[in-house]
Amino acid sequence: MVGAGPVGLVSALALARQGIAVTVLEREPDVFRSPRAMTYHWSCLFGLDDLGVLDDMSAVGFYVRETNFHILATGENVTFSLEPLRGLVKHPYNLTLGQDRLAEVVIEHLRAYPHANVLWNAEVDQIAQQGDHVDVRFSIAGEPRSLRADWLIAADGGSSFVRKSLGLSFEGLTWPHNFVATNVRFDFRSTGLFETNYVVDPRHGAVVAKVRQDGLWRVTWSEDADADPSEIDARVAAQYAAVMPADASFELVAKSMYRMHQRATETMRVGRVLFAGDAAHVTNPTSGFGLVGGLYDAYVLTEALGAVIRDEASDAVLDRYSDDRLSAFWTVSSPVSTESKRLVFHSEDADRLEVDMKMYRRIAADPAQLVSFWSQGKRIETPSVVTGLRLSAGRNDTAQ
Ligand SMILES: Cc1cc2nc3c(=O)[nH]c(=O)nc-3n(C[C@H](O)[C@H](O)[C@H](O)COP(=O)(O)OP(=O)(O)OC[C@H]3O[C@@H](n4cnc5c(N)ncnc54)[C@H](O)[C@@H]3O)c2cc1C
């Protein structure tokens with residue numbers, strides 16, 4: 001496994017639980033902590049439950065039972081409750097937890113499996129495939145090392161070294177916008193906002209959400225990619241002024257900037273090398289579907305790979321994995337996220353915004369439409385390539 005991000009670690013745990021020996025190579029010295037994923041859509045929680053990590057994740061994170069659309073210009077709140085999912089699905093709530101904390105929980109569970117290892121400071125710089133194995137070269141503290149594996153999962157993120165070294169394309173677009181993610185200590189509940197909010201505004205659109213129960217919140221927004229990096233502090237101040245009261249006292253804890261893309265590789269399988277997560281597909285994060293898509297990759301891939309390793313399935317299932325997962329990205333994750341980005345950050349057209357909000361008000365008021373809305377994320381799931389059945393069968397069965 002290359003990469004101890006959330007997708008690599010979850011995949012490693014899923015393989016280790018099947019008794020399969022796994023080594024994770026990670027170039028960082030420890031879990032990477034920049035502010036990124038924090039929302040896990042209800043529909044992907046079943047897989048974390050199956051892996052035995054959901055209780056520990058829930059103990060450090062918290063459930064969110066609504067998402068609020070706040071129109072900055074008018075102060076209107078249109079709130080989408082997850083309550084209509086109650087009784088229909090096993091987990092009728094989204095889970096909030098920083099992806100660094102998810103990684104910590106999974107690492108703790110991996111300790112129970114002596115055949116699973118995570119090597120830190122281990123940067124992979126060469127891979128070579130032969131008929132029945134993959135040779136991986138990496139360095140630890142500048143010292144060259146190598147290992148031979150039957151299979152390699154590339155979970156090495158959007159800039160994937162493995163993808164580039166195999167000469168794979170990464171087709172799609174890069175937005176002319178950056179995403180600025182900040183962690184801040186300020187209680188947005190005191191301003192009338194909810195725990196998870198899309199603040200809709202053409203200038204100051206933002207995602208404002210509580211990250212932790214101890215008072216840490218995340219404010220993220222979009223800005224032109226050519227905005228001067230040396231003036232970022234002034235832009236942070238302007239954004240905060242738009243979403244906080246004038247006399248607000250807050251503590252800025254972290255800030256990071258990211259390019260935003262809608263891109264995917266042409267295949268998630270090249271022989272014995274398999275791709276999962278951002279290494280295979282990246283989306284702008286407005287809907288919070290990036291890691292969710294990566295988790296679904298991990299669920300389907302590790303079940304299939306385990307079956308192939310045990311000779312219970314032909315390796316053709318891995319091609320099917322690639323086709324299904326790329327299709328889910330291009331038909332669900334990418335277009336839904338693109339639409340969310342347009343609504344939250346680019347609502348310049350007032351007539352269009354009014355049409356959008358009419359629809360959102362109707363959805364918010366109708367439990368059946370809320371179930372339909374919340375089922376969008378479920379469409380990122382693809383069935384087992386071994387059995388053809390949904391891995392979530394019996395637990396995510398909304399009427400949709
Ligand atoms: C601001 C922001 C907010 C987001 N919010 C959400 C959200 O709420 N919900 C959601 O689902 N998604 C969200 N996302 C997307 C999410 O963060 C990514 O989809 C997720 O990190 C992908 O996980 P991954 O394990 O595939 O890759 P990564 O997290 O990028 O991990 C890849 C790992 O591989 C390692 N690596 C890279 N190259 C090498 C090498 N050569 N050798 C060894 N190791 C290597 C890296 O150091 C890294 O640890 C957000 C993204 C951003 C930017």
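Student: What makes strand 8 and strand 9 paired strands, and in which sense do they run?

Tutor: In this predicted model, 7 bridges join strand 8 to strand 9 (residues 134–140). Pairing asks for at least two bridges, so the two strands count as paired. They run antiparallel. One of the bridges sets Gln126 against Arg137 in strand 9.

Student: Which strands stand at the edges of the sheet 8-9-10, and why?

Tutor: The sheet is open, has 3 strands in the order 8-9-10, and its pairing is antiparallel. Strand 8 and strand 10 (143–149) are the edges, because each has a single partner strand and one side of each lacks a neighbour in the sheet. From one strand to the next, the twist averages 25°.

Student: How do you know which strands are the edges of the sheet of 8 strands?

Tutor: That open sheet has the order 5-4-13-14-15-12-16-19, and its pairing is mixed. Strand 5 (77–81) and strand 19 (281–282) each pair on one side only, and these are the edge strands.

Student: What makes strand 12 and strand 16 a pair?

Tutor: The two are joined over 13 bridges in the antiparallel sense. At least two bridges are needed, so this pair qualifies. Phe170 stands opposite Thr265 in strand 16.

Student: Where does helix 10 lie, and at what angle to strand 5?

Tutor: Helix 10 (residues 367–374) lies across strand 4 (66–71) and strand 5, and it runs at about 75° to strand 5.

Student: What makes the pair formed by the ligand and the side chain of Arg36 a polar contact?

Tutor: An N or O atom in the Arg36 side chain is 2.9 Å from an oxygen atom of the ligand. The limit is within 3.5 Å, so the pair counts as a polar contact. For Pro6, a backbone N or O atom lies 3.4 Å from a ligand oxygen atom, so this pair also passes the limit. A polar backbone atom of Ala37 is 3.5 Å from an oxygen atom of the ligand.

Student: How much of the ligand does the protein cover?

Tutor: On its own the ligand has 1000 Å² of accessible area, and the protein covers 93% of it.

Student: Which elements give two or more residues to the shell around the ligand?

Tutor: They are helix 1 (6–16), strand 8 (122–129), strand 12 (170–185) and helix 7 (290–309).

Student: How many residues surround the ligand, and which are the closest?

Tutor: 33 residues surround the ligand, with Glu26, Arg36, Gln99, Asp278 and Leu291 the closest. By class, the shell has 18 nonpolar, 8 polar and 7 charged residues.

Conventions:
Residues are numbered from 1 along each chain as its sequence is written. This is a predicted model: local features need pLDDT of at least 70, side-chain atom pairs count only at pLDDT 80 or more; totals for chains, interfaces and linings use all residues. Side-chain values use heavy atoms; hydrogens and water are left out. A residue is near a molecule or strand if one of its heavy atoms lies within 4 Å of it. A polar contact is a pair of N or O atoms within 3.5 Å; within protein, one must be able to donate a hydrogen and the other to accept it, and residues adjacent in sequence count only if both atoms are side-chain atoms. Accessible areas come from the Shrake-Rupley method with a 1.4 Å probe; for residues, only the protein chains shown count as cover. Helices (H or I, at least four residues) and strands (E, at least two) are DSSP runs, numbered from the N terminus. Ala, Val, Leu, Ile, Met, Phe, Trp, Tyr, Cys and Pro count as nonpolar, Asp, Glu, Lys and Arg as charged, and the others, Gly among them, as polar. Contact means heavy atoms within 4.5 Å. Axes are lines fitted to C-alpha atoms, for helices over the stretch in contact, and angles run from 0 to 180 degrees between N-to-C directions.
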